[in-house]
Amino acid sequence: MEFDRLMKKEERFHGAVRIVRVLYALLGIAVAVGGALRHSSYSLLLGLSTLLLIPALFLVRRLFHFAGGWQIELYIYLFAALGWSLGGAAEWYESVPYFDKLVHTLSGVFVSMLSLVLFRMVERARPIPEQGKAAACLFMLFASMAVAGVFELCEFALAPLVGRDLQHVLDTGVTDTMGDMFVCLCGTLVSVALLLRSFRGKHEPLSDAANAFALQNGGRMA
C-alpha cells in the first residue's frame, strides 16, 4: 500500500516537473536579460549559468541510471530558483532584507531531504522500516551542517573573484573564522583518507580508537 501511494504521488509530480522546468528556464533567461539591460555582466552570466542545471540533471539521470525522483527534481528547481536565480543572479541576497536568511533556512530542509535520500541508498540492502532511525537522524544532521559549512567556505573563497562580499568580510572581519573552517576541512579530509585506508586492512590510530570503543560498548565485527 505504501509503495503504491508513493508511486502514484511520483506520477503526479512528473507532470508538474515539466511545467516547473520551463518556468525555471524562463526565470533564468529573464534575469539574464535584466542583467544585460542594466549592463551587469554578473547578473547576465550568472543568469545564463542557471540554465546549466537542466542538462546537468538530465546527465545525472543517464550516468547513474536513476529512475523517477520527480519530487526530488521539482524541489531542486524550486530551491535553485530561490538561491541561484533570484538570490545570486538577480542579487536579491544584497537587495532584499533577510532573503539570504530565508534561503539558508530552506537549505537546511532541502539538504536534509537529499541526505536522507543518500542514507536510504547506502542502506538499500535493508527494508526502509528496518533502517536505523537514530542513524538516519544523525546522518541528516551532520550532512546538512557539513554542506552549510562547505557552502560558506566556497562563498568566502569566491568573493574576490565575483566581486560580491556577501559575508561582509570587510565589515565584520570573519577571515579568522573562515580560516579555522578551512583548516578543519583539511583535517577532516585527512581523517577520511585514513578511514579509507583502514577499509583496505591497514591499521592506523584514528579508526583503531573508534573501532575499539565501539566493540567495547555493544558493537560487533562484521
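## Exercises on helices, rings and the core

Tyr24 has a relative accessible area of 3%, so this residue is buried. Buried means under 20% relative accessible area, exposed means over 50%, and partly exposed lies in between, with a 1.4 Å probe and protein chains only. The model is predicted: local features need pLDDT of at least 70 and side-chain atom pairs count only at pLDDT 80 or more, while totals for chains, interfaces and linings use all residues. Residues are numbered from 1 along each chain as its sequence is written, and side-chain values use heavy atoms, with hydrogens and water left out.

### The whole chain

**Task.** State how many helices and how many strands the protein has.

**Solution.**
- Helices (H or I, at least four residues) and strands (E, at least two) are DSSP runs, numbered from the N terminus.
- By this rule the protein has ten helices and zero strands.
- The C-alpha trace spans about 65 × 50 × 30 Å along its principal axes.
- Of the 222 residues in the protein, 27% are buried.
- Contact means heavy atoms within 4.5 Å. Among the contacts with a separation of 6 or more, 59% are between residues 24 or more positions apart.

### Helix H3

**Task.** Check whether the span of H3 agrees or disagrees with 1.5 Å a residue, then find which of its residues are buried.

**Solution.**
- The expected span of a helix is 1.5 Å times one less than its number of residues.
- H3 (residues 53-64) has twelve residues and should therefore span 16 Å; its end C-alpha atoms are 16 Å apart, which agrees.
- Leu53, Leu57 and Arg61 are the buried residues of H3.
- Leu53, Leu57 and Arg61 cover an arc of only 85° around the axis, so they are on the same side of H3. The arc is that of the directions from the helix axis to the C-beta atoms.
- The buried residues of H3 pack against helix H1 (2-37), helix H2 (41-49) and helix H4 (70-89).
- On the face turned away from the buried side, H3 carries the exposed residues Arg62 and Leu63.
- Just after H3, His65 has a positive phi of about 55°.

### Arg61 and a ring

**Task.** Find the ring whose face Arg61 lies over.

**Solution.**
- A charge sits over a ring if NZ of Lys or CZ of Arg is within 6 Å of the ring centre and within 35 degrees of the ring normal.
- Arg61 lies over the face of Trp70, at 4.0 Å from the ring centre.

### Aromatic pairs

**Task.** Count the aromatic pairs, then describe the pair of Tyr24 and Tyr77.

**Solution.**
- Rings of Phe, Tyr and Trp (its six-membered ring) pair if their centres lie within 6.5 Å; planes under 30 degrees apart count as stacked, over 60 as edge-to-face and the rest as tilted.
- This rule gives a count of seven aromatic pairs.
- The pair of Tyr24 and Tyr77 is tilted, with 5.2 Å centre to centre and 50° between the planes.
- This pair links distant parts of the chain, with Tyr24 in helix H1 and Tyr77 in helix H4, 53 residues apart.
- Tyr77 has 1% relative accessibility and so counts as buried.
- Trp92 and Phe99 have ring centres 5.4 Å apart and planes at 75°, so this pair is edge-to-face.
- Trp92, at 33% relative accessibility, counts as partly exposed, whereas Phe99, at 6%, is buried.
- Ring pairs join Trp92, Tyr93 and Phe99 into a cluster.

### The core

**Task.** Find which element gives the most residues to the largest nonpolar core.

**Solution.**
- A nonpolar core is a set of buried Ala, Val, Leu, Ile, Met, Phe, Trp, Tyr and Cys residues joined through side-chain atoms within 4.5 Å.
- The largest nonpolar core has 14 residues, of which Tyr24, Leu53, Leu57, Leu74, Ile76 and Tyr77 touch the most other members.
- H1, H3, H4 and helix H6 (99-122) each give two or more residues to this core.
- H4 gives the most, with six residues.
- Not counting residues up to four places away in sequence, Tyr77 touches Val20, Arg21, Tyr24, Leu53, Ile54 and Leu57.

### Two small residues of H4

**Task.** State whether Ser85 is buried or exposed, and do the same for Gly88.

**Solution.**
- Ser85 lies in helix H4. Its relative accessible area is 0%, so Ser85 is buried.
- Leaving aside neighbours within four places in sequence, the contacts of Ser85 include Tyr24, Leu27 and Val31.
- Gly88 is also in helix H4. At 10% relative accessibility, Gly88 counts as buried.
- With neighbours within four places again left aside, Gly88 is in contact with Tyr42, Leu46, Gly83 and Tyr93.
- Gly88 and Tyr42 are 46 residues apart in sequence and 9.2 Å apart in space, C-alpha to C-alpha.
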